[in-house]
Amino acid sequence: MTTDDAGGDARETAPVVHDLAPDCTIDDVDEDEPYLATVNGVVDYGVFVDLSEHVSGLVHESNLAGEYAVGDELVVELEDVREDGDLSFAQVDVDDYSVDAVDHEYDFAAAADLPDALGETVHLAGEVVQIRQTGGPTVFNVQCVADDANAGVVPCAAFAGAGVRAYPEIELGDPVRVTGRVEERDGAVQVEADEFVVLDGDAAADLKQRLDATVQRQAEPADVDTLVEWDALEKLLPDLRDLARELRRTVLESRPIRIRHHADGDGMCAAVPVELALREFIAEVHEDPDAPRHLLKRSPSKAPFYDMEDATRDLNFALEDRDRHGQKLPMLLMLDNGSTEEDTPAYRNLAHYDIPIAVVDHHHPDPDAVGPLLSAHVNPYLHDEDYRVTTGMLCVELARMLRPDLSDDLQHVPAVAGLSDRSQGEAMPDYLDLAGDAGYDDESLEDVSEALDYLAYRLRYDPGRGLVNDALNVGCDDEARHRELVEFLAGQSREAVDRQLDVALPHVDREELANGAALYRIDVENHAHRFTYPAPGKTTAAVHDAMLEEHGGPAITVGFGPDFAVLRSDGVRLDIPEMVEQLQDELPGSGVSGGGHLVVGSIKYVRGKREAVLDALVEKMADAEIDEELGSSVVGDD
Ligand code: MN
């Protein structure tokens with residue numbers, strides 16, 4: 001009760017009478033305080049009153065002054081709570097009073113506490129992040145907050161009839177309060193909702209503020225030291241940390257994540273650890289055990305860029321998932337691809353919808369073309385570094401920021417990534433040592449890389465979940481199987497490459513360029529097995545390696561088909577993206593496109609212009625500077 005501390009006469013201040021909100025319970029009632037009550041029944045020995053929907057009791061005639069009828073209002077205070085929970089009140093005699101509205105103080109449950117609260121009735125506060133209509137109930141996924149606990153997503157089922165949408169007024173993004181029983185369903189926690197209330201006013205604002213603060217705290221990536229000390233990698237950490245934060249926030253907000261990655265060894269070394277880390281984080285945040293499957297998809301890219309076919313399929317699935325399962329539109333995460341102008345038509349198509357796009361890549365970027373279309377772009381070239389920091393190396397650090405506990409399981413992965421892309425980064429010896437600590441010698445790492453190449457080809461557009469995990473030994477529970485699988489696949493790969501070389505090598509043309517580099521040409525269309533492993537990119541790389549071994553460098557190898565050429569080089573300062581641009585200017589009507597890395601890449605052209613394009617290309621190669629320090633790397637763009 002208020003008192004007048006200023007020293008005035010207390011009797012001049014009107015007393016305060018509390019008015020309970022309908023959802024208030026006995027927990028909101030204080031002894032010796034006056035409350036507004038409404039008569040709901042009259043009996044011989046007194047009247048029954050309601051203080052709220054959940055607080056009712058008797059005012060005995062001995063505690064009652066005057067006569068009352070149903071619907072009359074009076075002021076009471078709590079007299080007694082009996083052992084059986086029955087309440088009795090006494091009338092308080094006040095004439096002049098002011099009214100103070102009392103809201104129910106909910107004790108909101110945290111998502112993580114629900115498994116220990118089976119059978120109990122709980123209150124949840126949160127935002128509706130998905131609405132799924134089943135053949136039975138409507139399932140609302142609610143992102144719940146409670147005090148200092150982490151936010152978590154809880155499925156809340158409401159039944160209005162089989163297949164009938166319950167609470168049709170509730171929309172995605174609404175702030176809600178849910179009251180219901182905690183049940184176990186298919187081994188997971190679900191709340192059978194008795195009541196859904198859409199919050200408004202102060203309650204909604206308060207919830208939003210708490211949710212924002214919780215998500216901001218929970219989205220913060222782990223502060224881990226990099227696996228190796230490397231200045232080039234260090235420069236990229238702030239960008240990686242920002243992306244880790246964005247990914248964690250995306251999971252917390254129940255937005256699905258679509259991973260597309262380069263279909264090669266480095267691309268897999270990038271995508272698989274990030275996939276595993278996100279899967280674990282999704283499982284931590286979501287009570288629904290199917291959430292990782294619904295919210296995360298990984299697929300190799302069809303082309304060495306995000307082509308329209310992939311983008312159209314992704315968009316199609318995203319819109320179907322939205323309509324059929326009430327899911328949000330996804331975030332696209334491009335790994336070891338996605339930095340170039342060739343990616344932009346697909347990106348622009350997605351931009352018609354709310355689909356953020358993030359890229360981690362180490363191919364030579366066109367930041368002016370892609371930058372405006374991306375929410376995040378992590379690429380060593382944006383920091384004066386180059387392809388030697390491979391995407392796999394970057395993504396292992398990204399995965400560790402998401403799930404530091406995975407560090408031990410990932411320590412061999414950067415070495416595999418580096419070998420796959422033939423990185424000559426300064427940190428390669430350290431990465432090889434690190435893999436050595438995990439039980440991998442250099443030869444076994446080469447085998448893993450070879451096995452991944454082979455799998456990438458055989459899987460084509462399939463993600464190969466499980467199989468790729470076993471081959472890379474990430475999220476694989478049987479190390480012996482991993483070793484056997486790798487040995488087998490690497491063996492298959494080498495046999496196939498040897499068969500290809502037997503056919504191709506007798507047809508390699510060698511010439512010496514003006515700059516002193518050797519040029520090797522191989523017609524991979526007519527002098528190699530087609531439509532089988534190894535594809536033209538790897539065939540060209542194998543020919544290049546064989547020539548280098550026999551004759552030394554500097555050397556360039558061109559593997560050409562009717563409308564494409566794959567380039568490999570060692571010790572020659574090529575700039576393939578630049579050469580492609582020049583050819584486009586010099587040879588109109590040739591349809592030249594392509595790129596890749598600076599010294600390794602592929603280009604396309606129309607069949608009728610093959611001779612003209614190859615001649616012009618060789619001229620440019622003959623002008624290129626020799627740089628014996630410069631090694632080659634593999635882009636695998638076949
Ligand atoms: Mn790569």
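**Overall architecture and manganese site of the predicted model**

The protein contains 18 helices and 25 strands. Its radius of gyration is 34 Å, well over the 26 Å that the globule rule gives for 638 residues, so the protein is more spread out than a compact globule. The structure is a predicted model. Along the principal axes, the C-alpha atoms fill a box of roughly 115 × 50 × 50 Å.

Burial and contacts were examined next. Of the 638 residues, 55% are buried. Among contacts with a separation of 6 or more, 67% are between residues 24 or more positions apart. The exposed surface of the protein comes to about 28,700 Å². Carbon and sulfur atoms supply 44% of that surface. The side chains include 50 positive and 138 negative ones. The centres of these two sets lie 11 Å apart.

The model holds a manganese ion with protein donors. Three aspartates and a histidine appear in the donor list: Asp266, Asp336, His362 and Asp421. Asp336 is listed twice, each time through OD. Asp266 and Asp421 also donate through OD, while His362 uses NE2. The donors lie 2.1 to 2.7 Å from the ion. In sequence, the donor residues follow the spacing D-x69-D-x25-H-x58-D. Asp336 and His362 link distant parts of the chain, 26 residues apart. Asp336 sits in the loop between β15 (331-335) and α7 (344-350). His362 sits in the loop between β16 (357-360) and α8 (367-370). Both Asp336 and His362 are buried.

The loop between β15 and α7 also carries Thr340. Thr340 counts as buried because its relative accessibility is 17%, and the cut-off for burial is under 20%. Leaving aside residues up to four places away in sequence, Thr340 touches His364, Asp366 and Val370.

Backbone geometry was then inspected at several loop positions. Ser254 is a residue other than glycine with a positive phi, near 65°. Ser254 lies in the loop between α3 (237-252) and β13 (257-261). With a relative accessibility of 5%, Ser254 counts as buried.

A second positive phi occurs at Phe531, also a residue other than glycine, with a value near 55°. Phe531 is placed in the loop between β19 and α16. Whereas Ser254 is buried, Phe531 counts as exposed, at 71% relative accessibility. The loop that holds Phe531 also contains Pro534. This loop runs between β19 (518-523) and α16 (536-551). A cis peptide bond joins Tyr533 and Pro534, with omega about -5°.

The last position considered lies in a helix. Asp498 belongs to α15, which covers residues 479-504. Asp498 is partly exposed, with a relative accessible area of 45%. Its C-alpha atom is separated by 8.8 Å from that of Ala542. Asp498 and Ala542 are 44 residues apart along the chain.

Technical notes
Residues numbered from 1 in each chain as written. Predicted model: local features only at pLDDT ≥ 70, side-chain atom pairs only at ≥ 80, totals over all residues. Heavy atoms only, no water. Helix = DSSP H or I, 4+ residues; strand = E, 2+ residues; numbered from the N terminus. Rg over C-alpha atoms; globule rule 2.2 N^0.38 Å. Buried < 20%, exposed > 50% of the residue type's maximum accessible area, 1.4 Å probe, protein only. Contact = heavy atoms within 4.5 Å. Areas by Shrake-Rupley, 256 points an atom, 1.4 Å probe, with all protein chains shown as cover. Lys, Arg positive; Asp, Glu negative; His and termini not counted. Charge placed at Lys NZ, Arg CZ, Asp CG, Glu CD. Donors = N, O, S within 2.8 Å, 3.2 Å for Na, K, Ca; no water.
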